[in-house]
Amino acid sequence: MKHTISLKQNHLFRRLYSKGKSAVDGRLAVYCRKNGGSRSRLGLTVGVKLGKAVVRNRTRRRIREAYRVNEARFVPGYDIVVVARVKAGHSRYRELERSLLALSDKLGLLKKEADGR
């Protein structure tokens, strides 16, 4: 993740939950807010309800990889928090990636394609 910093501080997560925009589907919830900088910050939340540590870590890695692969498509300068829901623990990588991109597009986090796609 070249242009993204990890978001780890609790008060930043809480600010995003209360003041940020959000989009939700069955697998993920995405919260976002402009941060006033030139780099984005990504935070991940995977709760205990999802399963044991192995399942939670695998889900976290899959979401992080889905973001990393598509990082160039995201508009810089946003704080983004992705919350994995219970269904995400049993989802395949492609499903998580599709869900992340659809929710990000809904929030206006993806760059507009120049060739009209």
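This is a short tour of one helix pair and one group of aromatic rings in a predicted model.

**Stop one: two helices**

Start by selecting residues 53–69, helix α2, together with residues 93–106, helix α3. Two packed helices are described by the angle between their axes and the distance between the axes. Here the axes come within 9 Å and cross at roughly 55°. That makes α2 oblique to α3, since an angle of this kind falls outside the parallel, antiparallel and perpendicular ranges. Turn the view until one helix lies in front of the other: the crossing of α2 and α3 is right-handed.

Next, show the side chains where the helices touch. On α2, pick R62, I63, E65, A66, Y67 and V69. On α3, the partners are Y93, L96, E97 and L100. Colour this contact by class and you will find seven nonpolar and three charged residues, with no polar ones.

**Stop two: aromatic rings**

Now move to the rings. The count comes to three aromatic pairs in this model. Select Y17 and Y31, a pair with 4.9 Å centre to centre and 75° between the planes. The arrangement is edge-to-face because the planes are over 60 degrees apart.

Where do Y17 and Y31 lie? Y17 is in helix α1 (residues 10–19) and Y31 is in strand β3 (residues 28–34), so the pair ties together parts that are 14 residues apart in sequence.

Add F13 to the selection: F13, Y17 and Y31 form one aromatic cluster. Finally, switch on a surface and look at Y17, which counts as partly exposed because its relative accessibility is 34%.

Notes
Residues are numbered from 1 along each chain as its sequence is written. This is a predicted model: local features need pLDDT of at least 70, side-chain atom pairs count only at pLDDT 80 or more; totals for chains, interfaces and linings use all residues. Side-chain values use heavy atoms; hydrogens and water are left out. Axes are lines fitted to C-alpha atoms, for helices over the stretch in contact, and angles run from 0 to 180 degrees between N-to-C directions. Helices (H or I, at least four residues) and strands (E, at least two) are DSSP runs, numbered from the N terminus. Angles under 35 degrees count as roughly parallel, over 145 as roughly antiparallel, 65 to 115 as roughly perpendicular and the rest as oblique. A crossing is left-handed if the near helix is turned anticlockwise from the far one by less than a right angle, and right-handed if clockwise. Contact means heavy atoms within 4.5 Å. Ala, Val, Leu, Ile, Met, Phe, Trp, Tyr, Cys and Pro count as nonpolar, Asp, Glu, Lys and Arg as charged, and the others, Gly among them, as polar. Rings of Phe, Tyr and Trp (its six-membered ring) pair if their centres lie within 6.5 Å; planes under 30 degrees apart count as stacked, over 60 as edge-to-face and the rest as tilted. Buried means under 20% relative accessible area, exposed over 50%, partly exposed in between (1.4 Å probe, protein chains only).
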